[in-house]
Amino acid sequence: MLASLGLVGCSVGTASTGTEPDTSLTVGLLATPGNLDYTTTAGAAIPQALLYNVYEGLVKLDNDGTIMPLLAKSWTVSGDGLVYDFQLNEGVTFSDGSPFTAASVKFSLERVKDNWSANGPAYLDPIAQIEVVSDSQVRITLSKPSNSWLFNMSGPVGTMFTESGIADLATDAVGTGPYTVSSFKTGDSLVLATNADYWGEAPYMSDVTLRYFTDATAQTNALLSGDISLISGISQFQLVDQFKSNADFQVLEGASTGEVTLSMNNAGAAFSDVRVRQAVMYAIDRQAVLDTANSGYGLLIGSMVPPTDLWYDASLADLYPYDPDKAIELLDQAGVSDLSVAFKIPNLPYAVAGAQVVKDQLDKVGITANVTVLEFPAVWLDEVFANHDYDMSLIMHSEPRDATSFAVPSYYAGYDSPEVIAKFAQADAADAATHVELMREATRTMTEEAAANWLYLQPAISLADADLLGVPKNTPSLALDLSTIAR
């Protein structure tokens, strides 16, 4: 046994071999950032790379989705739930050398109101006042009690900026995190280097390269050949099995918040009638979409709520069983025949595969879906998300607890329900039990009114070198937290 231990020690120790430990990491991803500014560019690709790594907030979510202190070391809440006093970590600086203080908090959060157009600026609407008590204490007063605002602060809207660091957020990211952006080549790679002046515990990996691939097969081939060491969130699940019996790799299965959504433009002529949207619901065999796009991996959900949320309702997965005859009946009732729709999808593998199933099934009930594949993120975000120039799309919504944003009429789905909006508002200000009840009621109404067809919940399956430790299994937030990964 001693001999074996000696051999193990020689294989990984620096004293015996004279080599340095491997502290470089290359991660393979598919969704590439168009730029570095997630305050004006929607989607998950930018915060996946930068949130918690380059940028930090007062709080963060751990891998189980629990709110944890970050730049705020502690906080207290008044008895009426309106006043939050945050004690900040001291000695924190931004990567440009400027200090992080309570004034930074005030500047960053007030900036969201007028300078954000992506990733949930309305999440901070409950904030009524921000006071700088001292350099290390900030007081935030809400206009009404809110069950969601602190959770939302763990996401992009809670990011702390310095006034001198916002000149060009699209190309220059200045944060307080453990890494800085060393280089960025759109569509190719983003390289992170250790922040030498980081206020917290230094990450194990000294540099991390995020490599962006155009397809999952090339991505997995790169892992097999050693060009990358980690795939966070594999998208083509038929590629997973080859790694399960290979001792050089590990397969990590966790929970996600990614609802793969067949969106219908409620504000457009094609889908303004609820009966037409409901016809689409009955026309789609969601299990067939799941089997084709994901090789059966995933969970049929029926709503924009994952099982990790307390208001998840499993029965909604059965609300619209596959029934083409019912779909045809609803179209007849709506006086619709030979409907032709613009089906614009991102060039992501699950979307391309799933869209073909959807197209074939809609054909059977008399709906012609004209598929156009758009470059993601740039073109899809411009045409579909920003300009609402589409009838149908298929995209995964990764943001946690994002059903409330879907109900905003100006959102790309165009869903406008005063009843649902009112219930969401009531839920946010209610006591815990009533909050859950009202959230469940509101999300059920969204499904009943076919605001969209939430096809399935994407599983979180990562593939990694066998010697990697601390790889996040779950995806409770948009961030890929690299600070926990070691060899």
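## Backbone at Ala450 and Asn119

Ala450 sits in the loop that joins α15 (432-448) to β16 (452-465). In this predicted model, the phi angle of Ala450 is near 50°, a positive value in a residue other than glycine. Ala450 counts as buried, at 0% relative accessibility.

Asn119 is another non-glycine residue with a positive phi, of about 55°. Its place is the loop between α4 (102-115) and β6 (127-134). With a relative accessibility of 11%, Asn119 counts as buried, since the cut-off for that class is under 20%.

## A cis peptide bond

The peptide bond that runs from Phe376 to Pro377 is cis, and its omega is near 10°. Pro377 belongs to the loop between β14 (367-374) and α12 (378-386).

## Aromatic pairs around Trp380

The count of aromatic pairs comes to 22. One of them joins Trp380 and Phe385: the ring centres are 6.4 Å apart and the planes make an angle of 35°, a tilted arrangement. Trp380 is buried, with a relative accessible area of 3%, whereas Phe385 is partly exposed at 22% relative accessibility.

Trp380 also pairs with Tyr412, with 5.8 Å between the ring centres; the planes stand at 70°, so this pair is edge-to-face. Trp380 lies in helix α12 and Tyr412 in the loop between α13 (403-406) and α14 (418-429), so the pair ties together parts that are 32 residues apart in sequence. Tyr412 is buried, at 1% relative accessibility.

Ring pairs build a cluster that includes Trp380, Phe385 and Tyr412. Phe376, the residue that precedes the cis bond to Pro377, is in this cluster too, along with Tyr390, Phe406, Tyr411 and Trp454.

## The chain as a whole

The chain contains 15 helices and 16 strands. Its radius of gyration is 23 Å, close to the 23 Å that the globule rule gives for 487 residues, so the chain is as compact as a globular protein of that length. Along the principal axes, the C-alpha atoms fill a box of roughly 75 × 55 × 40 Å.

Of the 487 residues, 54% are buried. Among contacts with a separation of 6 or more, 70% are between residues 24 or more positions apart.

## Surface and charge

The exposed area of the chain is about 19,400 Å², and carbon and sulfur atoms supply 51% of it. The chain carries 23 positive and 59 negative charges, and the mean positions of the two sets are 4 Å apart.

Terms used: Residues are numbered from 1 along each chain as its sequence is written. This is a predicted model: local features need pLDDT of at least 70, side-chain atom pairs count only at pLDDT 80 or more; totals for chains, interfaces and linings use all residues. Side-chain values use heavy atoms; hydrogens and water are left out. Helices (H or I, at least four residues) and strands (E, at least two) are DSSP runs, numbered from the N terminus. The radius of gyration is taken over C-alpha atoms; the globule rule is 2.2 Å times the number of residues to the power 0.38. Buried means under 20% relative accessible area, exposed over 50%, partly exposed in between (1.4 Å probe, protein chains only). Contact means heavy atoms within 4.5 Å. Accessible areas come from the Shrake-Rupley method with a 1.4 Å probe; for residues, only the protein chains shown count as cover. Lys and Arg count as positive and Asp and Glu as negative; His and the chain ends are not counted. The place of a charge is taken as NZ of Lys, CZ of Arg, CG of Asp or CD of Glu. Rings of Phe, Tyr and Trp (its six-membered ring) pair if their centres lie within 6.5 Å; planes under 30 degrees apart count as stacked, over 60 as edge-to-face and the rest as tilted.
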